[in-house]
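Trainee: Hey, have you got a minute to go through a structure with me? I'd like to pick it apart piece by piece.

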Amino acid sequence: MFLEPIKIRSPYTGETVMPQITTHTTDGRTYEQVSYNDPITGNLIKKGIVSIKDAKTGEVLQDYKSGEIKSTRNIGYRQ
């Protein structure tokens, strides 16, 4: 699930929650991930991906703003 990294309200305490962004590189792609944790209880509210980038060029392959995937790979599915 793609998420926009914005401030949200906690459903547990009503406090404002800031997004925590982390990055991971796997299979030639860099995944930028966001998670929201309640600042008082520490409960995980939600977690998702902000963007997927090519690790070598830094080109954005997909992000929360676009619904399409820009990829050089062709993926086939059985019909």
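Mentor: Sure, let's jump straight in: the side chain of Thr41 reaches the backbone nitrogen of Asn43 at 3.3 Å. Keep in mind that this is a predicted model.

Trainee: Okay, and where does Thr41 lie?

Mentor: Thr41 is in the loop between β4 and β5, and β5 covers 44–54.

Trainee: Is Thr41 buried, exposed or partly exposed there?

Mentor: Thr41 counts as partly exposed, because its relative accessibility is 41%, and the partly exposed class runs between 20% and 50%.

Trainee: Which residues does Thr41 touch, if I skip its neighbours within four places in sequence?

Mentor: Tyr12 and Thr13. Take Tyr12: Thr41 is 29 residues away from Tyr12 along the chain, yet their C-alpha atoms are separated by 7.9 Å.

Trainee: What else is in that loop?

Mentor: Asp38 lies in the loop between β4 and β5 too. The side chain of Asp38 reaches the backbone nitrogen of Ile40, at 2.9 Å.

Trainee: And is Asp38 buried or exposed?

Mentor: Buried, because Asp38 has a relative accessible area of 2%, and buried means under 20%.

Trainee: So what is Asp38 in contact with, beyond four places in sequence?

Mentor: Ser10, Tyr12, Thr13, Val17, Asn43 and Ile45. You've already met Tyr12 and Thr13 as contacts of Thr41. If you want a distance to check on screen, Asp38 and Met18 are 20 residues apart in sequence and 9.0 Å apart in space, C-alpha to C-alpha.

Trainee: Let me step back one residue. Which strand is Asn37 found in?

Mentor: Asn37 is found in β4, the strand made of residues 29–37. Asn37 counts as partly exposed because its relative accessibility is 26%.

Trainee: What does the side chain of Asn37 make a polar contact with?

Mentor: With the side chain of Gln20, at 3.3 Å. Leaving out neighbours within four places, the contacts of Asn37 include Gln20, Val17, Gly42 and Ile45. Asn37 and Ser10 are 27 residues apart in sequence, with 8.2 Å between their C-alpha atoms.

Trainee: Is there another residue in β4 I should click on?

Mentor: Try Thr30, which also lies in β4. The side chain of Thr30 makes a polar contact with the side chain of Thr25, at 3.4 Å.

Trainee: Which residues does Thr30 contact, again past four places?

Mentor: Thr23, His24, Thr25, Ser51, Ile52, Lys53 and Ala55. For Ile52, the C-alpha separation from Thr30 is 5.7 Å, although they sit 22 residues apart along the chain.

Trainee: Now, what comes between β3 and β4?

Mentor: A loop that contains Asp27, with β3 covering 20–26. Asp27 has a positive phi of about 55°, although it is not a glycine.

Trainee: Why bring up the sign of phi?

Mentor: Because most residues other than glycine have a negative phi. As for the surface, Asp27 is exposed, since its relative accessible area is 67% and exposed means over 50%.

Trainee: New topic: how many helices and strands does the chain have?

Mentor: Zero helices and six strands. Read from the N terminus on, the elements go β-β-β-β-β-β.

Trainee: Which residues make up the largest nonpolar core?

Mentor: There are six of them: Leu3, Ile8, Val17, Val34, Tyr36 and Val50. Ile8 is in contact with two other members, Val17 and Tyr36, and beyond four places in sequence Ile8 also contacts Glu15, Thr16, Ile45 and Lys46.

Trainee: Does anything interesting happen at the ring of Tyr36, or what sits over it?

Mentor: The charged end of Lys46 sits over that ring, 5.9 Å from its centre.

Trainee: And how many aromatic pairs does the structure hold?

Mentor: Zero.

Trainee: Last one, the whole chain: what share of it is buried?

Mentor: Buried residues make up 20% of the 79 residues. The chain exposes about 6000 Å², and carbon and sulfur atoms supply 47% of that area. Also, among contacts between residues at least 6 apart in sequence, 37% join residues at least 24 apart.

Methods:
Residues numbered from 1 in each chain as written. Predicted model: local features only at pLDDT ≥ 70, side-chain atom pairs only at ≥ 80, totals over all residues. Heavy atoms only, no water. Core = buried A, V, L, I, M, F, W, Y, C linked by side-chain atoms within 4.5 Å. Buried < 20%, exposed > 50% of the residue type's maximum accessible area, 1.4 Å probe, protein only. Contact = heavy atoms within 4.5 Å. Helix = DSSP H or I, 4+ residues; strand = E, 2+ residues; numbered from the N terminus. Polar contact = N/O pair within 3.5 Å; in protein donor to acceptor, adjacent residues only side chain to side chain. Phe/Tyr/Trp six-rings, centres within 6.5 Å; stacked < 30°, edge-to-face > 60°. Lys NZ or Arg CZ within 6 Å of the ring centre and 35° of its normal. Areas by Shrake-Rupley, 256 points an atom, 1.4 Å probe, with all protein chains shown as cover.
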